[in-house]
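Hi,

Here is the structure I promised to pass on. Have a look at it first, and then read my notes underneath.

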Amino acid sequence: MTTAIAISGLVKTFGSTRALDGLDLTVNTGEVHGFLGPNGAGKSTTIRVLLGILRADSGSVTMLGGDPWADAVALHPRLAYVPGDVELWPGLTGGEAIDLLGRLRGGLDRRRRDELIERFDLDPSKKGRTYSKGNRQKVAIVAALAFEAELLLLDEPTAGLDPLMEVVFQDVIGEAKAAGRTVLLSSHILAQVEKLADRVSIIRLGKIVQSGTLAEMRHLTRTTIEADTAGRVTGLEQLPGVHDAEVGDGRVRFAVDGAHLDGAIRHLSGFGIRALTSHPPTLEELMLRHYGDELAAEHAAEHQGTRQAVRK
Amino acid sequence: MTATATPAVGRTTERAGGGALAGTGVLLRFDLRRDRVRVPVWLAALTLGTLWVAAAFPQLYPTAAERQAAAATMNSPAGLAFTGPAHYLSDYYYGSMLSHQMLGFMVIMVGIMSVLMVARHTRTEEETGRAELVRAAVVGRHAQLAAALILTVAVNIALALLLTLSLGSLGIGGVTWAGSLLYGAAHAAAGITFAGVAAVTVQITEHSRGASGMGLAVVGAAYLVRAAGDSAGSGLSWASPIGWAQQTFAYLDNHWWPLLLNLAAAAALAALGFALSTRRDLGAGLRAARRGRPEASRALTTPLGFALRLHRGMLIGFAVGMLVLGMSYGPFLADVETKLQSVEVLKEALAQLGGATFVDSFIAMIMTLLAVVAAIYVVIATLRPRSEESSGRAEPVLATGLSRAGWLGSHLAVALVGGPVMILLAGLALAATGAPTVDESGLFWEIIAAAAAYIPALWVTAGLAVALVGWFPRASALAWLVVVYAGVVGYFGTILRFPGWMSNLSPFGHIPRIPVEGFSWTPLLVLTAIAAGLIALGLYGFRRRDLETK
């Protein structure tokens with residue numbers, strides 16, 4: 001099998017709200033798949049459908065070769081889940097919660113559990129109610145990673161972790177990836193996804209708006225070019241795919257669409273390039289591009305004095 | 001923590017209206033806004049319940065002879081334990097009747113209302129972390145407790161006014177305006193005392209559930225103390241806030257001064273609450289949190305073991321309560337036997353019921369009430385998975401290999417076994433303390449049988465609750481209606497002589513009232529079948545619906 005998760009045309013409504021509106025998502029076996037989108041876009045809803053906690057209204061969903069709703073109990077021992085907002089039992093210690101979740105799943109690796117507790121610097125003898133948000137998150141992460149799951153469903157797993165623990169988390173996910181496990185990593189921490197993900201899907205208003213490797217996506221978007229030239233650059237603005245050009249004396253800065261990069265550089269070389277730097281688009285820019293029109297719509301709505309187009 | 005007195009801080013608090021109490025007014029309005037449905041419902045239920053009983057008395061006891069007979073029925077340790085002090089019986093007219101039969105019972109309700117209200121606006125806020133947001137604003141250390149207490153006191157005063165105005169305008173004989181004013185004030189004074197109790201209990205533990213549980217235990221203890229005092233005619237009644245309310249003898253003597261005891265106790269308790277709150281941090285209890293095991297035991301990590309662990313505290317608490325309750329009624333059996341035999345009217349009435357003895361009918365009555373208490377446990381236990389779900393704790397568990405039916409079923413199993421354990425414990429305690437004092441052979445096992453007969457009704461209660469969890473999760477609190485209805489019919493059915501269909505609506509109404517009635521399998525088997533059907537329905541519904549997520 002090469003596909004761990006195959007979703008097509010997934011629709012999920014809550015009353016009149018259409019949380020998922022024909023979502024398509026493919027996650028290949030063995031890849032770390034970044035799942036990006038702002039709050040309320042439908043990331044958690046998608047993961048909960050995959051967990052069989054929510055039932056799809058329509059569309060087809062296949063996970064690890066099974067139906068996540070009908071085969072939930074058969075599939076769950078093969079996957080691990082970290083929610084973004086972990087609630088623990090106030091009277092149970094963190095260690096007890098880890099063992100509970102692990103054994104209900106069908107067993108956990110004792111040595112691995114202790115190693116992870118050590119690495120994440122977690123005190124397992126404290127009661128659930130006394131943990132801070134970050135420590136509750138650690139409990140869920142240790143419980144999820146303390147056994148060899150084929151598939152990791154991580155829903156903003158590091159919310160509340162400090163930067164040191166964030167690094168530990170990235171190491172651990174890197175190890176999981178090296179061991180050939182599949183990871184669906186929902187996040188809005190772009191640096192994390194950039195570092196870990198092989199492929200990325202961007203979700204917006206319940207639909208995937210873009211999916212592909214980071215390289216592919218960057219190709220589709222603009223690269224920023226800064227160059228020092230011998231003479232003053234002319235005619236740059238007229239080139240196709242060039243945006244935001246700032247032309248100074250012997251210095252130029254512009255953004256160019258991936259497809260027109262070659263033409264722009266050729267044009268530039270006619271003016272004698274002395275120094276050249278190019279910045280590939282960051283995920284921030286990728287996301288902003290997909291949400292840019294939404295932000296613009298929000299502004300327009302505010303100017304009109306109505307807020308109906310505003311979504312969180 | 002001591003207040004730092006930099007000039008800037010001093011100025012801010014001055015402007016906001018006085019240091020530790022800054023922001024109380026804003027919080028009070030906020031609390032009122034949050035309780036805009038709750039408060040009217042409480043007030044309406046308490047007032048209408050009282051009016052209903054008061055209005056029924058003239059029809060139930062139209063003649064002086066009938067009122068005399070009612071007084072004679074009450075004049076036994078058991079009768080007085082359920083109602084109030086014997087002095088009321090000296091002139092048993094509608095007013096004193098109301099005060100005698102209803103005041104003690106209604107004050108429990110007022111106590112529950114007051115405790116829950118204070119806990120809800122103080123410890124619940126701290127536990128959920130919302131208090132932290134509020135306290136970060138210009139809000140003094142004591143403002144939240146002060147606002148909660150002011151709100152509760154105001155609601156109690158509103159209740160007193162409603163009772164006074166509505167009862168006074170009924171125009172029933174003996175229900176005077178002066179008496180109604182005191183009758184209402186007695187409710188409020190006792191309620192305010194229990195608000196003071198809650199002001200202390202919310203400081204002690206970190207959990208609102210524990211805090212309100214302790215507060216409610218004090219309400220229950222106050223009732224038991226006055227029950228013991230009134231039945232024995234001893235001064236013990238004076239050790240209970242409910243006793244003080246009853247010692248006003250509203251409608252009879254109209255003494256106001258016992259209410260001063262209520263108010264003094266309330267003031268002292270509230271002061272203690274404020275003092276204790278300065279000795280702890282926000283969100284912490286006075287008792288330090290203990291560490292636990294770093295690893296789970298084998299038993300915890302099975303589905304049933306896990307459910308049992310979550311239910312453990314409630315299970316033990318209720319079991320102890322049921323034992324105490326059963327033991328507290330046992331000693332009355334001998335009294336019932338000797339004292340009631342002299343009342344000629346009652347003998348005839350009981351003869352019409354099929355020749356049952358006083359002891360038998362007393363046992364049947366007690367057992368109904370014990371069954372209602374056991375049903376409270378059953379509803380709490382069956383709704384437990386619902387609170388796991390809405391708090392988001394069910395989600396990670398159901399993402400493991402545990403099936404939905406297995407998860408809900410393990411909680412349900414605790415309720416289905418726990419409920420019968422509760423009623424049998426109470427029956428056992430009643431039988432062990434009561435049966436040897438009465439000269440009636442086989443009574444011990446009859447009491448056990450009377451308790452066991454209620455088991456199918458408890459299962460139906462669990463079935464209804466789980467059906468609601470499966471199909472209408474947001475309405476699952478409606479399961480409490482079963483308990484409330486059974487309680488109202490059980491308690492007032494005898495006082496108000498309800499028609500038969502009213503008790504038939506409740507699963508508890510179909511249980512043979514052993515030892516007055518004989519044992520009969522049919523209703524028990526039918527109820528068990530209904531329970532099984534409801535449980536299957538509930539599990540089916542839960543397997544096919546969305547899990548509610550945060």
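Below is what I found at two interfaces, one inside chain B and one between the chains.

Before anything else, keep in mind that this is a predicted model.

**Inside chain B**

The domain assignment splits chain B into domain 1 (22-286) and domain 2 (298-550). Their C-alpha centres are 27 Å apart. Where they meet, 20 residues of domain 1 of chain B are in contact with 25 residues of domain 2 of chain B. Together the two domains bury about 1900 Å², with carbon and sulfur atoms accounting for 78% of that area.

What holds for salt bridges here? The count between domain 1 of chain B and domain 2 of chain B is zero. Polar contacts come out likewise: zero residue pairs across this interface, taking pairs with both residues at pLDDT 80 or more.

On the domain 1 side, five helices of chain B each bring at least two residues to the surface that touches domain 2: H3 (38-60), H4 (64-74), H5 (77-82), H6 (94-121) and H11 (208-232). H3(B) gives the most, with five residues. Sorted by class, this side of domain 1 of chain B has 15 nonpolar residues, four polar ones and one charged one.

**Between chain B and chain A**

Now for the contact between the chains. Here 40 residues of chain B are in contact with 39 residues of chain A. The buried area is about 3400 Å², and carbon and sulfur atoms give 56% of it.

How many salt bridges link chain B and chain A? The count is five. If you want one to look at, try B:Arg291 and A:Asp123, whose side chains meet in a salt bridge at 2.6 Å, N to O. There are also 24 residue pairs in polar contact between chain B and chain A, again with both residues at pLDDT 80 or more.

From chain B, the elements that give two or more residues to the side touching chain A are helix H14 (303-329), helix H18 (394-398) and helix H24 (521-544). By class, that side of chain B divides into 13 nonpolar, eleven polar and 16 charged residues.

**Side by side**

To put the two together: between the domains of chain B there are zero salt bridges, whereas between chain B and chain A there are five. Carbon and sulfur atoms make up 78% of the buried area in the domain interface and 56% in the chain interface.

Over to you!

Methods:
Residues numbered from 1 in each chain as written. Chains lettered and ligands numbered in written order. Predicted model: local features only at pLDDT ≥ 70, side-chain atom pairs only at ≥ 80, totals over all residues. Heavy atoms only, no water. Domains from an automatic or database assignment. Contact = heavy atoms within 4.5 Å. Buried area = accessible area lost by both parts, 1.4 Å probe. Salt bridge = Lys/Arg side-chain N within 4 Å of Asp/Glu carboxyl O. Polar contact = N/O pair within 3.5 Å; in protein donor to acceptor, adjacent residues only side chain to side chain. Helix = DSSP H or I, 4+ residues; strand = E, 2+ residues; numbered from the N terminus. Nonpolar A, V, L, I, M, F, W, Y, C, P; charged D, E, K, R; others polar.
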